[in-house]
Amino acid sequence: MGEQDQRVFEHASLPAVSDMLSITLRLKIRSHANDWATILHKGTGHPVRTPGLWLSAHISILSPQFSGSWQDCVVIGTDERLTLNKWYHLAITLSDPEKRSDFYIDGEWVGFISVCKVKTQKIVFNDGPLHIGRAFSHNGFNGEISNVRYFNWRLSAEEVKEDFFNEYQTKPIVYGSRIALVHVSTRKYLSTKRIKYDLGPNNQQYMVICNRQEIDLENDVWIVIRASGTRVIAGSPVPISAIIGFRHQATEYNLHSHEICDIKVTPISRQQQVSLYDNTSNNINIDDDWLIRRYNSNITTYDDTGYLRNGDIISLFHIRTNRPALCSHTILLGDESQEVFCHHGDESERNNKWRIELID
């Protein structure tokens, strides 16, 4: 959709609402707007908005809203900024009997607001149309929206999470998938700025880093490939506990590590280097092999069954060097990027969690 595009659903075509309502959807934005941008707005005009969902100018902070009997515009305050070119699952729920509205991103509860004077104040529902995109005086957003669902009850937190898993996280990761890896604790993407490690004139390797919390489609995209000495069928699902590789899409180099020594350490914390290894000969080196393990929903224990899926929280262990974990941390390099390294022990437990994202 572009900023001037809209879809309008008349009230009569929607499930009948009395005093509860929920909407879930998937959203990806391509650019930040110069003014407030409408994602959705149900109502007959600017003061009537149960519910409404907007993006702030320039930085795309989400702003869920509704109309109350005491105030036209009641806002659930959040600090949640949307990253460009990334899919999100969003859910807003409202209930006048429970006197509250809640907001969720990717199945996680991120904000709510309650009616304070429960005997005299109420959430005001309306019989106006539902606008997706441009509505009244506000332009819409530049991006894509899908899987909009409208419920005439308040979804529980468990139902929101189930909707998220059903619509977002069930897509399989297969050999050949384009993916990104997000460091869970710092929310930064595994990347490169193509700065070379000084390993000698015949050993060309780029430093791997965590760069930004906003995806860079040039430097943050990887392709899932087979491990050395194996054969796979392109498009087949990736089993959990498989040994696989990752090819950097832009450089066509492989995600790589090697034994630690005096010159083969990261620049600040002097840990085992992680690099991009020149693969122009199309050979896969055993130093490019990684064991993949998936965390359970509690993110404290592993679930080593089934297949890899979009949104899984995983750890990667380097095979050749006795399986240290791929890690990052908050130590910054001179250009404000984060070190990436391999490590055993307690530090790896704190810093080895990555979320895998499928790039559409």
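How many of the 360 residues in the chain are buried? Buried residues make up 52% of them, where buried means under 20% relative accessible area, exposed means over 50%, and partly exposed lies in between (1.4 Å probe, protein chains only). Before we zoom in, please note that this is a predicted model, in which local features need pLDDT of at least 70 and side-chain atom pairs count only at pLDDT 80 or more, while totals for chains, interfaces and linings use all residues. Residues are numbered from 1 along each chain as its sequence is written, and side-chain values use heavy atoms, with hydrogens and water left out.

**Figure 1. The whole chain, with its two helices and 24 strands.** Helices (H or I, at least four residues) and strands (E, at least two) are DSSP runs, numbered from the N terminus. The C-alpha trace spans about 75 × 40 × 35 Å along its principal axes. Of the contacts with a separation of 6 or more, 67% are between residues 24 or more positions apart; a contact means heavy atoms within 4.5 Å.

**Figure 2. An open sheet of six strands.** Reading across the sheet, the order is S1-S10-S3-S4-S5-S6, with antiparallel pairing; two strands pair if DSSP finds at least two bridges between them. Strand S1 (6-9) and strand S6 (71-75) each have a single partner strand, so one side of each has no neighbour in the sheet. On average, neighbouring strands are turned by 20° against each other, direction ignored. Here the axes are lines fitted to C-alpha atoms, for helices over the stretch in contact, and angles run from 0 to 180 degrees between N-to-C directions.

**Figure 3. Strands S3 and S4, and the loop between them.** Strand S3 (residues 37-42) runs antiparallel to strand S4 (residues 52-55), and four bridges join them. Look for Ala37, whose bridge partner in S4 is Leu55. The loop between the two strands holds Pro51, which is joined to Thr50 by a cis peptide bond with omega of about -5°. Most residues other than glycine have a negative phi, and most peptide bonds are trans.

**Figure 4. A cavity inside the model.** Rolling a probe the size of a water molecule over the atoms shows where empty space is left. On a 1 Å grid over the protein atoms alone, a cavity is a set of points where a 1.4 Å probe fits but cannot get out, and a pocket is an open set with protein on both sides within 12 Å along at least five of seven lines; lining residues have an atom within 4 Å of a point. The structure holds one cavity of 30 Å³ or more, and the largest cavity has a volume of about 50 Å³. Its lining includes Ala37 and Leu55, the bridge partners from Figure 3. By class, five lining residues are nonpolar, five polar and one charged.

**Figure 5. The second largest pocket, with about 210 Å³ of space.** Among its 15 lining residues, Asn85, Trp87, Leu358, Ile359 and Asp360 lie nearest the centre. Strand S2 (20-29) and strand S24 (354-358) are the elements that give two or more residues to this lining. The lining has six nonpolar, two polar and seven charged residues.

**Figure 6. Strand S8 and its two partners, S7 and S9.** Five of the six residues of strand S8 (residues 100-105) are buried, so S8 is largely enclosed by the rest of the structure. Six bridges pair S8 with strand S7 (residues 88-95) in the antiparallel sense, and six bridges join S8 to strand S9 (residues 108-114), also antiparallel. Ser101 of S8 is the bridge partner of Leu94, and in S9 the partner of Ser101 is Ile113. The hairpin of S7 and S8 has four residues between the strands. Lys99, in the loop between them, has a positive phi of about 55° although it is not a glycine, and at 14% relative accessibility Lys99 counts as buried. Two residues separate S8 and S9 in their hairpin, where Asp106 has a positive phi of about 50°.

**Figure 7. Ser69, in the loop between strand S5 (62-68) and S6.** Is Ser69 buried or partly exposed? With a relative accessible area of 43%, Ser69 is partly exposed. Ser69 and Lys122 are 53 residues apart in sequence, yet 5.5 Å apart in space, C-alpha to C-alpha. Leaving out residues up to four places away in sequence, Ser69 touches Thr120, Gln121, Lys122 and Val124.

Note on methods. Grid points are joined across faces, edges and corners, and a volume is the space filled by probe spheres set on the points. Ala, Val, Leu, Ile, Met, Phe, Trp, Tyr, Cys and Pro count as nonpolar, Asp, Glu, Lys and Arg as charged, and the others, Gly among them, as polar.
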